[in-house]
Structure formats: C-alpha cells, structure tokens
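This report concerns strand pairing, surface character and charged contacts in one protein chain. The sequence and structure are shown first.

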Amino acid sequence: MRLEIAGEKTIDVKDNETVYSALKRNGIYLVAPCGGKGTCGKCRVKVLEGRFDCKSYGKLDRKERAGGIVLSCQSTLQTDIKIEIPKQSKLVLGGKIAVSAFEDTAAYLKSYGVDVSPLVKRVFLELPPPSINDNISDLERLKRAMAEHGFTHVHFSYELVAGILESLRNADWNVFLSYINSGEASTEALSLLQAGECNHSYGLAIDIGTTTVVVYLVDLISGNVIDIGS
C-alpha cells in the first residue's frame, strides 16, 4: 500500500508495517522518546484520507482523535492513506531536521579542514614467525613489531593476550591491531584481526537531549553517517 505525505512525497508501506516504521525506513524521522512503544504520545500524524488501524491512542484526547490525529507507531494501513506530519512531531536538532542536518557530515567537516580521527584506530603489522634464531614469546614479538611503528608504552587488554596464540597463527602473522591512545605517550592495544576479517569500522555518536536520545551510526573511516535512531 501507499502512504502519501501531504506536500512532500509518497512511499510504499509493507504489510502490517506501522506508519512510524515506514517513515523511518524512508529517512523521515519523528520524535519518539519511548522508542515506538506508544507511551510518549510524541509521534503524532494527522490522517487526511484513507482507512487505518490504530492499536492504541495513548495520551491522545477525544478532540485530537476526532480530528484524525493518530500515533504513527501504533497505526497500520487498511487502504492507501494521505497524512500530514505536524511540525512538533518531526525530529529536530539545533533547529534543523536531523536527516538534513547530518546527511553529509564528512563533507561539512572537510570544508573546515577537519580530519576524521576516531578514538579507536588500527595499524597493520607484519610479524616474522618464530624460528630457532628468533624464539621470543608471541607477546614480545607483538611488542617488537609495534615498537617498529613508534609504539613505546603499550598496555594490552586481557582479551588480546588470552587469544594471541590463536590470533597470530590464524592470520599467518600478518594482523590488524586495534588500539586507542590512552595518554600522551601511552597506547592501549585492544584486539587483533585478520586481514579481511573486518573491512569496516563504525562508531556511535550519541546526542542526549531533554526528551530524546538520538544515536548516529558513523563510518569511522570516511566520517559518513550511516543511519540515525532515536
């Protein structure tokens, strides 16, 4: 079925999909502090045409219901419908709707000469395998390779040390090391990955507001925002 947004566009809606989910799937975000459970009463839309099922009206009063106002997270379509999204229902950050404000963050940052510099970083290490003449421990071998890349004061996580034997041999001694800089000259080594095991690196940017928590999934390599949830 089809859902038309007055003055904007028309989108396809899946069977038994709520209006809220259909809008979100098409990049249109509504205020929903309760996460779409129908308890906050914020994701209101006005149905102008068509029939729908509303599982719960939550905090909506009789006047609002009579005027065609429904909770988008509780409403599914019976027929094609046309809706209007009230201004107060749209997810707004800093005076701009979240999608338009953050859809090209990488280009925005680069325009100011800002480089993408995530907290967690990776470095590729090529370690020589053990031999009769080079028989130091796996951990010392890793420390030596890191020192060749300028890492001097390194702390290793328990998980990394516990799995180092298997990690190095499975990767044929060529590994990606994930780490964070924990001080001016101190590094914390977090994990070892095989080449090709992890081709992406993601992070979360979290905006904690007075009524809504907005989470952005960010590609830490390019700086692009992949998805937004609230």
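The account below treats a sheet, a nonpolar patch, a buried threonine and a set of salt bridges.

The model is predicted.

**The sheet S14-S15-S16**

Three strands make up an open sheet with antiparallel pairing, in the order S14-S15-S16. S14 and S16 (225–229) are the edge strands; each has a single partner strand, so one side of each lacks a neighbour in the sheet. From one strand to the next, the twist averages 20°.

S14 (residues 202–208) and S15 (residues 213–219) run antiparallel and are joined by seven bridges. A hairpin of four residues connects S14 to S15. Within this pairing, Gly203 has Val218 of S15 as its bridge partner. On the other side of the order, S15 pairs with S16 over four bridges, again in the antiparallel sense. Here Val215 stands opposite Gly229 in S16.

**The nonpolar surface patch**

Leu204, Ile206, Ile208 and Val213 make a nonpolar surface patch of about 430 Å². S14 gives the most to this patch, with three residues. Val213 belongs to strand S15. Its relative accessibility is 41%, so Val213 counts as partly exposed. As background, side chains in a regular strand alternate between the two faces of the sheet.

**A buried threonine in S13**

Is Thr187 buried or exposed? Thr187, which is found in strand S13 (residues 186–194), has a relative accessible area of 5% and is therefore buried. Buried here means a value under 20%. When neighbours within four places in sequence are left aside, Thr187 is in contact with Phe151, His153, Val154, His155, Tyr179, Ile180, Asn181 and Ser182.

**Salt bridges**

How many salt bridges does the count come to? The count comes to eight salt bridges. The table gives the N to O distance for some of these pairs.

| Pair | Closest N and O atoms |
|---|---|
| Asp12 and Arg2 | 2.5 Å |
| Glu64 and Arg44 | 2.3 Å |
| Arg169 and Asp138 | 2.8 Å |

Asp12 forms a salt bridge with Arg2. Asp12 lies in strand S2 (residues 10–12) and Arg2 in strand S1 (residues 2–5), so this salt bridge ties together parts that are 10 residues apart in sequence. Asp12 is partly exposed because its relative accessibility is 45%. Arg2 is likewise partly exposed, at 38% relative accessibility.

A salt bridge also joins Glu64 and Arg44. This pair links distant parts of the chain, since Glu64 is in helix H2 (residues 62–66) and Arg44 in strand S3 (residues 44–49), 20 residues apart. Glu64 has a relative accessible area of 21% and so counts as partly exposed. Arg44, with 23% relative accessibility, is also partly exposed.

The side chains of Arg169 and Asp138 meet in another salt bridge. Arg169 lies in helix H7 (residues 164–170) and Asp138 in helix H5 (residues 138–148), so the pair ties together parts that are 31 residues apart in sequence. Arg169 is partly exposed, with a relative accessible area of 38%, whereas Asp138 is buried, with a relative accessible area of 12%. In addition, Asp134, Arg141 and Arg144 are joined into one network by salt bridges that share partners.

Methods:
Residues are numbered from 1 along each chain as its sequence is written. This is a predicted model: local features need pLDDT of at least 70, side-chain atom pairs count only at pLDDT 80 or more; totals for chains, interfaces and linings use all residues. Side-chain values use heavy atoms; hydrogens and water are left out. Two strands pair if DSSP finds at least two bridges between them. Helices (H or I, at least four residues) and strands (E, at least two) are DSSP runs, numbered from the N terminus. Patches are made of residues with over 30% relative accessible area and no salt bridge: like charges are joined within 9 Å, nonpolar side chains (Val, Leu, Ile, Met, Phe, Trp, Tyr) within 5 Å. Accessible areas come from the Shrake-Rupley method with a 1.4 Å probe; for residues, only the protein chains shown count as cover. A salt bridge is a side-chain nitrogen of Lys or Arg within 4 Å of a carboxyl oxygen of Asp or Glu. Buried means under 20% relative accessible area, exposed over 50%, partly exposed in between (1.4 Å probe, protein chains only). Axes are lines fitted to C-alpha atoms, for helices over the stretch in contact, and angles run from 0 to 180 degrees between N-to-C directions. Contact means heavy atoms within 4.5 Å.
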